[in-house]
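This report goes through the fold of one protein and then its aromatic rings.

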Amino acid sequence: MRDTRLVATASSVELLATAGTAMLVPFLSIYFVEERGLALTTYGTFMLLLGLVASAAQVIGGGLATRRAGVVISASLSTGAVVAGLLGWASWAVAPLAAVFGLVAVHRLAHAFYGPAIRTVVAAGTPAPRRLLAFSWLRFGDNVAWALGPALAGVLVDAHYLWLF
């Protein structure tokens, strides 16, 4: 069944893509505030603005996904992987905070574009009677990522922030 393979692949990709975000989110505040000396209110304002921009990006990503979902997914995942590597370098090199903020913003935006695209592919590739199950599996991958991502990140951060980024 083609849709079973599609859903299994999409759920696996969802798990991996979301795990990257789930690994970063709990430790970003600690990194910026404790390691880099940023004021907590400044970090909170950055995260608020980032959330608002990501919300708008999801709307734009949804529009793009209706026409070119595969391209949006590939571009989002590729961008996320490159940015993850650059965040590792920025952590190691103690790059200026503005550069790290920029990288975190690009990572978040890439993930914001990815979400609507993967859901578009699942909806288009799954027959209506199986769609609820397909989206349940997609959500399952997302939830597993949020359960395992922070735990794995804690182990990595214990060694050094470089391993997280």
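Helices, written α, are DSSP runs of H or I with at least four residues, and they are numbered from the N terminus. On that basis the elements of the protein run α-α-α-α-α from the N terminus on. There are five helices and zero strands. The model is a predicted one.

**Confidence**

The mean pLDDT of the protein is 86, and 96% of the residues score at least 70. Confidence is highest in α4, at 89, and lowest in helix α5 (residues 161-164), where the mean is 68.

**Overall form**

The C-alpha trace spans about 55 × 30 × 25 Å along its principal axes. The radius of gyration is 17 Å, which agrees with the value near 15 Å that a compact globule of 165 residues would have. Of the 165 residues, 39% are buried. Among contacts with a separation of 6 or more, 82% join residues 24 or more positions apart.

**Packing of α2 and α3**

The axes of α2 and helix α3 (residues 97-125) come within 5 Å of each other and cross at roughly 145°. By class, this contact of α2 with α3 has 31 nonpolar, nine polar and one charged residues.

**Aromatic pairs**

The structure holds five aromatic pairs. Two of them are set out below.

| Pair | Centre to centre | Angle between planes | Class |
|---|---|---|---|
| Phe32 and Tyr43 | 5.7 Å | 35° | tilted |
| Trp137 and Phe140 | 5.4 Å | 80° | edge-to-face |

The pair of Phe32 and Tyr43 links distant parts of the chain: Phe32 lies in helix α1 (residues 2-35) and Tyr43 in helix α2 (residues 40-93), eleven residues apart. Both Phe32 and Tyr43 are buried. These two residues also belong to one aromatic cluster, which is formed by Tyr31, Phe32, Tyr43, Phe46 and Phe101.

How many residues apart are Trp137 and Phe140 in helix α4? They are three residues apart in helix α4 (residues 131-159), so about one helical turn separates them. The angle of 80° between the planes is over 60 degrees, so the pair of Trp137 and Phe140 counts as edge-to-face.

Are Trp137 and Phe140 buried or exposed? Partly exposed is the class between 20% and 50% relative accessible area. Trp137 has 44% relative accessibility and therefore counts as partly exposed. Phe140, with a relative accessible area of 47%, is partly exposed.

Methods:
Residues are numbered from 1 along each chain as its sequence is written. This is a predicted model: local features need pLDDT of at least 70, side-chain atom pairs count only at pLDDT 80 or more; totals for chains, interfaces and linings use all residues. Side-chain values use heavy atoms; hydrogens and water are left out. Rings of Phe, Tyr and Trp (its six-membered ring) pair if their centres lie within 6.5 Å; planes under 30 degrees apart count as stacked, over 60 as edge-to-face and the rest as tilted. Helices (H or I, at least four residues) and strands (E, at least two) are DSSP runs, numbered from the N terminus. Buried means under 20% relative accessible area, exposed over 50%, partly exposed in between (1.4 Å probe, protein chains only). pLDDT is the predictor's confidence in each residue, from 0 to 100. Axes are lines fitted to C-alpha atoms, for helices over the stretch in contact, and angles run from 0 to 180 degrees between N-to-C directions. Ala, Val, Leu, Ile, Met, Phe, Trp, Tyr, Cys and Pro count as nonpolar, Asp, Glu, Lys and Arg as charged, and the others, Gly among them, as polar. The radius of gyration is taken over C-alpha atoms; the globule rule is 2.2 Å times the number of residues to the power 0.38. Contact means heavy atoms within 4.5 Å.
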